[in-house]
Amino acid sequence: MPDLLLEFFSEEIPARMQARAAEDLKKLVADKLVNAGLVYEGATAFATPRRLALSIAGLPARQPDVKEERKGPRVDANEKAIAGFLKATGLASVEQAKIERDPKKGDFYVAVIERAGRPAIEVIAEIVPEVAKAFPWPKSMRWGEASARPGALNWVRPLHSIVAMFGPETEDPDVVRFEVGGIAAGDTTYGHRFMAPQAIKVRRLDDYVAKLEKAKVVVDPARRAQMILTDAKTLAFAQGLELVEDEGLLAEVAGLVEWPVPLMGSFDAAFLAIPEELIRATIRNNQKCFVVRDPNTGKLANKFILVANIEASDGGGAIVAGNERVIRARLSDAKFFYETDLKTRLEDRLPKFEQIVFHEKLGTQAERIARIVALAGHLAPIVGADTSKAERAAQLCKADLLTEAVGEFPELQGLMGRYYAEAQGEDEAVAHACEDHYKPKGPDDLVPADPVSVAVALADKIDITTMFFWMGEVPTGSKDPYALRRATIGAIRLILDNKVRMSLTDLFESCIWNFIKEWDNQYRSVLLVSDESDDETAESDGNSHLVKGREFVHVRSPNALEQFRLTEPYTQIAFTFGDEQGVDGFERAGDFWDSARLGFRDPFATIDNILSFFADRLKVQLREQGARHDLVDAVFALEGQDDLVLIVRRIEALGKFLDTDDGKNLLAGTKRAANILRIEEKKDGTSYTGAPDAGIYSQDEEKELARAIGVAKEEASAAVAQEDFAAAMSAMSKLRPHVDAFFDKVTVNVDDAKLRANRLRLLNEIREATRSVADFSKIEG
């Protein structure tokens, strides 16, 4: 079967765009071929700095013939309808259509359209220009005189030539004839820009790859990366060193060269006095070079490995010297940044944060740091950290954002904070928390274990999640501009890996409260707003008022404000501008900012939304570990379940229980009871809650089930109180034979209305009994 070979040869394609462009080319061309009826056996895309190539194997020589039947109007339809049918189907007259009979709807015309398949090479000649003209480059350009004309080709860099060959392996392939941007497709490509720039005639993939390799071009980016890695390791080993591997840099460098030639250079050993990460960032970011280390000490050596794109006649001496000169200058800058930063203590940088807005609704970076300090202090005793150390670390953890080194290399934030904290004599736990509070940054990142780091990292993540949720900036679909999903997953991992026992609700409330007290300090008074319309007076050092049927408590100090800490019915917060304006000022526009005008939501609803968000993220994490998402729902549905460590333990016990026969049968019985109750409650609008009347029981199975429910409730509740969820599940399992016997022997919907209602209440007892361990209605199956 014929194969297709495509190549777009251009000026240098940015390395960051190459992999995506190769995948886009493969998908766009392959999809159009399949839609045209040209299915294939396999497709492979390649990219080098100067070319984008695609090989599709096993294509048919022509499209399959198509036979299609299209239903038309009834035979007695008006002339206009029939004329439209003939035009749409390409028939000359109705005599060319067949008539199908329908006893109900009458006879109607059917057009039988037969289309012979076209040669694949003709179809390809139409498809490839369409793909090229609409290619989704992140950035593209036009060039030359043609760029001024309408419809000029946009490509990432000026396009020079196109290869398009189609044919079977046993024959000479044909050129696919088409033109893109004034460039006609042909069979000619070009070798390495400097070492073999001559034109090369190619026929098919193996011929293309082999001839380009002779012309000093390695087409496959994966092979170029492997060549770089192998040769770089060999160079380092020859000097008694080892390569510091960097997958991201390796992929980027493989996209910068067509013929990789690793070389080794060196720099002044005096630069090793600055942090290793700063050296590595300087060499990596500025010169795309690899660093090496001494395998005996694990420390960096004063050498680096660069990757040239040419086999130089002098063995690469001039290339190495040029890179050494640039790296020396860049390392001098880095050394200057580091030494300059050390002259200013971290805490002395903090006042600058008062002039930096974190978010227009959330105040300055200084205010955010104050909230993190307060929350870290709240968390310290919970995670077993020293409160003063946690607060000190929280105060300093963002200070390195204002340093020269982090300004030049933002990826070193946190890390440089640790170095500067250690240099100014901070406690080791405080210094490490400055670095670790950003962690974990991803699913493979290590989770901090030191209590001080845990407290600050949790405070940072909980604050940003809670605050943005409160002001309504909730992630939707693929949009998460503030990385709240990552922050939430990081918080979950911190809590679970360190087995932190705490109430999330209390934590979110503390976070919101810290923000309220910030505004209280700024505006000197706060109004707590109630949706209630009664005239009850709340005690405070201010006064209670009714304005437009709603109660306002005017509070003038943080201590008094603490009495009303987000307790209902005060669900809205208003901030006034002065001690004396109070409620009187509330009526005048401009005299106050209330929570709604600030863009914030009801704090109680906010906390519920955040808990739901945490549950969703926990589902994802547990599902990746093999747990069932419906079990997370079943446990979170229970009131007051916001201790993640307990939730996970309960889910694990529930999962093991449901894997047993007792668990499966009890689940089936509970669902059966719930279904009967739902149907009957919907039918007559009655809720069958409350204890059943034991005096009405008429069958032994009723009595035994009622007794078993009472015992199971008591045992399960006691076990849950002791956090022994396996024992709670075991207590529930004792219900199974009694539930089975009840459904086997007892009829629920009897004629006696009183007996029927009592039996329905007994079914409700089954449902309520199982809720001591989980909401079984949320469990699938």
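In which helix is the place of Lys-133? Select Lys-133 to begin the tour: this residue of the predicted model belongs to helix H3, which covers residues 120–133. With a relative accessible area of 56%, Lys-133 is exposed. Add Gly-181 to the selection and draw a distance between the two C-alpha atoms, and the viewer should report 8.4 Å, although Lys-133 and Gly-181 are 48 residues apart in sequence.

**The whole chain**

Before going on, zoom out and colour the chain by secondary structure, which gives 27 helices and 23 strands. Of its 781 residues, 49% count as buried. Among the contacts in the chain with a separation of 6 or more, 68% are made by residues 24 or more positions apart.

**Two lysines with positive phi**

Select next Lys-288, in the loop that runs between helix H7 (276–287) and strand E15 (290–293). Its backbone deserves a look, as the phi of Lys-288 is near 55°, a positive value in a residue other than glycine. Most residues other than glycine have a negative phi. As for its surroundings, Lys-288 counts as partly exposed, at 26% relative accessibility.

Then move to Lys-499, where phi is near 50°, again a positive value in a residue that is not glycine. Lys-499 is likewise a loop residue, placed between helix H16 (484–497) and helix H17 (504–523). At 61% relative accessibility, Lys-499 counts as exposed.

**Helices H14 and H15, and the loop between them**

Show helix H14 (residues 428–436) together with helix H15 (residues 451–470), whose axes come within 8 Å and cross at roughly 40°. That angle makes H14 oblique to H15, and the crossing of the two is right-handed. To see where they touch, display the side chains of Ala-429, His-432, Ala-433 and Asp-436 on H14, which meet Val-452, Ser-453, Val-456 and Ala-457 on H15. Coloured by residue class, the contact of H14 with H15 divides into five nonpolar residues, two polar and one charged.

Now follow the chain out of H14 into the loop that leads to H15, where Pro-440 lies. The peptide bond joining Lys-439 and Pro-440 is cis, with omega at about -5°. Most peptide bonds are trans.

**A pair of cysteines**

Stay in this part of the chain and select Cys-434 along with Cys-397. Why do the sulfurs of Cys-397 and Cys-434 not form a bond? The closest cysteine sulfur to that of Cys-397 is the one in Cys-434, and at 6.4 Å it is too far away for a bond, given that a disulfide requires a pair of cysteine sulfur atoms within 2.5 Å. Looked at from the other side, Cys-434 is in no disulfide, and its nearest cysteine sulfur is that of Cys-397. Both residues can be checked for accessibility: Cys-397 is buried, with a relative accessible area of 1%, and Cys-434 is buried too, with a value of 0%. A search of the structure as a whole should return zero disulfides.

**Helices H23 and H27**

The last stop begins at Ala-668, which is found in helix H23 and counts as partly exposed at 45% relative accessibility. Select Phe-776 as well: its C-alpha atom and that of Ala-668 are separated by 9.5 Å, with these positions 108 residues apart along the chain.

Keep H23 (residues 661–684) on screen and add helix H27 (residues 753–770), so that the pair can be viewed where their axes come within 9 Å and cross at roughly 130°. This arrangement makes H23 oblique to H27, and the crossing of H23 and H27 is left-handed. On the H23 side, select Thr-670, Ala-673, Ala-674, Ile-676, Leu-677, Glu-680, Glu-681 and Asp-684; on the H27 side, the residues they meet are Arg-756, Leu-760, Leu-763, Asn-764, Ile-766, Arg-767 and Thr-770. With these displayed, colouring by class separates the contact of H23 with H27 into seven nonpolar, three polar and five charged residues.

Notes
Residues numbered from 1 in each chain as written. Predicted model: local features only at pLDDT ≥ 70, side-chain atom pairs only at ≥ 80, totals over all residues. Heavy atoms only, no water. Buried < 20%, exposed > 50% of the residue type's maximum accessible area, 1.4 Å probe, protein only. Axes fitted to C-alpha atoms, helices over the stretch in contact; angles between N-to-C directions. Helix = DSSP H or I, 4+ residues; strand = E, 2+ residues; numbered from the N terminus. Parallel < 35°, antiparallel > 145°, perpendicular 65-115°, else oblique. Left-handed = near helix turned anticlockwise from the far one by under 90°. Contact = heavy atoms within 4.5 Å. Nonpolar A, V, L, I, M, F, W, Y, C, P; charged D, E, K, R; others polar.
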